[in-house]
Amino acid sequence: MIGRRRTAIGFATLAILILLWFALTTWTGIVSAGRFPRPADFWFSLVQITTRGYAGGELFTHALHSLVLVVVGFSVAVTTGVPLGLWMGWNRRAEAAVNPVFLIIRPIPPLACIPLAILWLGLGDAAKIMVIWFAAFVPSVINSFSGVRTIERPIIEAARMLGTPPWRFVAEILVPAAAPMIFTGLRLSLQAAWTTLVAAELVGALVGLGLVLNMAQQDIYPGMILVGMLAVGVLGFATTWLLGGVERRALAWNMAAER
Amino acid sequence: MGSIRFDKVNKVFGTGKAGLNALEDIDLEIGEKEFVAIVGPSGCGKTTCLRIVAGFERPTSGAVSVNGKPVGSPGPDRAVVFQHFALFPWKSVRENIDLGLRNKRLAKAKRDALIADALKLMNLESHADAFPHQLSGGMQQRVAIARAYVLDPEVLLMDEPFGALDAQTRVTMQEELVRLTRVNPRTVLFITHSVEEAVYLADRVAVMTRRPGRIKEMIDVKTIRNAERWNTIQRIEDVMDLESFIHLRTHIWKSLREEKPEDRH
Amino acid sequence: MIDQPLKLRETIAYGLIGLGLFLGIWTLLSVSGWIPRQFLPAPLDVITRFVALLTTPFAGATLPQHLLSSFQRYLCGMLLAAIVGIPLGLLMGRFRLLDDILSPIFEGLRFIAPIAWVPFAALWFGTGIGGPVMIIFAGAFPPCLINSYRGARFVDPHLVEASQMLGTGHLRAIVEVLLPASVPSIVAGLRVAAGLGWQSLVGAELIVAASGVGFMMVQAQANVSTPTVMAGMIAIGIAGMLIDVLLRHGEAMIRRRRGL
């Protein structure tokens, strides 16, 4: 019941915002079209980029490219970060050895790596993936590490008592037990991946949503800026939602328990 | 098979000034298929005794052996039932019980048969595919006991297994454990706070002093139990009503009472 | 293996090994020329450059001067985020209707990375201070809002009831009950906001600034001055770490005073 009321209010607010949008831009001109696009401008830009293209390609091309970069960067980061985090969590020696390097690298914001990446790898995809990897790598490591460290001792002792051999232990005990925190790390990694991708493409790119945003800003084309931002938001939402689905499936036992 | 022996066991946690003297000169012999309970004040080290047999801790000095061989790392020959169940939440009841069997490299057919027996024994048949969070505390502990029993361990180590259960469930579980150990006896080391529980379940009861823990007294229950024929009485509450029971219980209570600081002279 | 913490000696030893390996391989790759030194300066080159930048200007100013510019923007953005976010969060936590109205909006905006606001920031503010401040705000605002919201919403109901029983008026209730009760949550949120804000600052300065550390790095990249780029990264990292350490202390202090 509360949910329905909230949805109703949500829709009402959306409607009011849209009305406000029209009112401030088209009807009264309080906000000039050069500053923020009118609904018509927005629509015009959207049509343009989906049919004739903008900044060297259609919306689909740009969006797909950005999406692929995020997915690739995220995947590499996760497949390197999670095992490292798990290993550091389990093996105190590994933790002691890796920690100092990690502590030095960790405070550097991934976005600060963009100039270096461009210097090394140019304006192409490789530089973007490198930065995305770095951004998504850190949260995965940290959260997987935490996930292992917060496993309750009796669970580990029970597994040992049952005579569980090492590989089975990792696959059937360690990973499932750390899974909730691993997924928290994945969510953060995905978020970081998107932020970094957009920033990297804004600084310099040949294709992608960031490029669209950049060009639109240089062309003083607010309608297209809005299109770009919304595209980023929609893709971000879709990927997050997908990850959430995977999480729900994998952690069915945990979600139910937390009910 | 399945005798336990503590030989002048000492256990100190930490070092130097910050060291914690948990156990002092523990000498204890538990015979084959004997059910021994250890009672004692909080922090007296009774759980530490169990953990040393289990292989989770090493004695600082002295030796603990099972069947004459020194205790090594944890394993299914010394199965443990934990106070808070320690079931794997992502595995179903069946899978929880199966893990130990898979580790023993048994064939699937054999494992399935053993699991079916265990489920039947512990009244878990209708919950075989449920997950721990769907079960009550009592049922979870039944799974934990099944998981341990199915390994046919020489020694069963139970660390306050009914401590996390509510009073009624506790009573049911105590009756079930008696039934179980009668049908399928083995050596049991049982740690508990509850004197009644110890007297009801055990053949012998060891009373420990407060920290550093020493064995103060060994009380033989079995002789009295057999003499007074407790096992002919169905319900716990009727057993606990017997004079022989009350006498034993009160004796142990008094012994424990002396361990409380304010009652020592 | 988990439950046996290493002795201090061992921790230091392994730490040194790890660090040594890292620096060693780095130096080897650079000095041997396997990766051209122009692209991978040796650690010593970077340190030397860092020290040089403390007094020699690059891209218009010395490193400390760039940092100062960055910091000014950072503080403005953070203050704005806190001044708007914290009270708004409290009000949303207190008044359900406000929550119902505003939450969906924020939920929707959540998926747009703060950095995506840069084009509009550039359009509206050029390279003035408004641009970075806006991006910092976009990054730091959500944690400020969410944490003060949580603090107010999940305040101990007994406290609320007690204040009602004592006949406390709305405004006083918010200021003297809700706000103090939410302080731990707010401070935790500020720490997160500070980190996100710092990241947003860096991102913004890469694009819409004419001074500041991010700007310096972009210029260095254009000039293929890798040691400068790396020195900039180190400066940003150190600054970010100091901010976090300071706030952690503040948070710990407050928790102690509250007996948490």
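**Exercise 1. A bend in a helix of chain C**

Task: In this predicted model, find at which residue α4(C) bends and which proline follows within four residues, and then compare the expected span of α4(C) with the distance between its end C-alpha atoms.

Solution: Following the helix, one finds a bend of about 30° at C:Leu102, and C:Pro104 is the proline that follows within four residues. For the span, α4(C) has 14 residues, and at 1.5 Å a residue these should cover 20 Å; the end C-alpha atoms are 20 Å apart, which agrees with that expectation.

**Exercise 2. Chain C and the other chains**

Task: Determine which chains have the most contacts between them, and describe the side of chain C that touches chain A by its elements and its residue classes.

Solution: Two pairs of chains touch, and of these the pair A and C has the most contacts. In this contact, chain C contributes 49 residues and chain A contributes 49 residues. On the side of chain C, the elements that give two or more residues include α1 (8–31), α8 (170–207) and α10 (226–258), and α4 (96–109) of Exercise 1 is also among them. Sorted by class, that side of chain C holds 36 nonpolar, ten polar and three charged residues. Chain B and chain C, by contrast, share no contact, and their closest C-alpha atoms lie 10 Å apart.

**Exercise 3. The domains of chain C**

Task: State where the domains of chain C lie in the numbering, and how many residues of each are in contact with the other.

Solution: The domain assignment gives domain 1 as residues 1–38 and domain 2 as residues 41–258 of chain C. Seven residues of domain 1 of chain C are in contact with five residues of domain 2 of chain C. The residues on the domain 1 side comprise three nonpolar, three polar and one charged. The C-alpha centres of the two domains of chain C are 33 Å apart.

**Exercise 4. The four-stranded sheet of chain B**

Task: Give the strand order of the open sheet of four strands in chain B, and explain why β2 and β5 of chain B stand at its edges.

Solution: The order is β2-β1-β4-β5 (chain B), with antiparallel pairing. Both β2 (20–30) and β5 (69–70) of chain B have a single partner strand, so one side of each is left without a neighbour in the sheet. At the β5 end, two bridges join β4 (residues 61–66) of chain B to β5(B), and B:Ser65 stands opposite B:Pro70 there.

**Exercise 5. The six-stranded sheet of chain B**

Task: Work out the strand order of the open sheet of six strands in chain B, and then find which helix lies across β3, β9 and β10 of chain B.

Solution: The strands follow the order β6-β7-β8-β3-β9-β10 (chain B), and the pairing is mixed. At the edges are β6 (78–81) and β10 (215–220) of chain B, each of which pairs on one side only. On average, neighbouring strands are turned by 20° against each other, direction ignored. Next, β9(B) and β10(B) form a hairpin with six residues between them, and five bridges join these antiparallel strands. Within the hairpin, B:Arg204 has B:Asp220 as its bridge partner, while B:Val207 is partnered by B:Glu217. Finally, the helix is α9 (residues 243–257) of chain B, which runs at about 180° to β10(B).

Technical notes: Residues numbered from 1 in each chain as written. Chains lettered and ligands numbered in written order. Predicted model: local features only at pLDDT ≥ 70, side-chain atom pairs only at ≥ 80, totals over all residues. Nonpolar A, V, L, I, M, F, W, Y, C, P; charged D, E, K, R; others polar. Domains from an automatic or database assignment. Pairing = 2+ DSSP bridges. Expected span 1.5 Å × (residues − 1). Bend = angle between axes of the 7 residues up to and from the residue. Axes fitted to C-alpha atoms, helices over the stretch in contact; angles between N-to-C directions.
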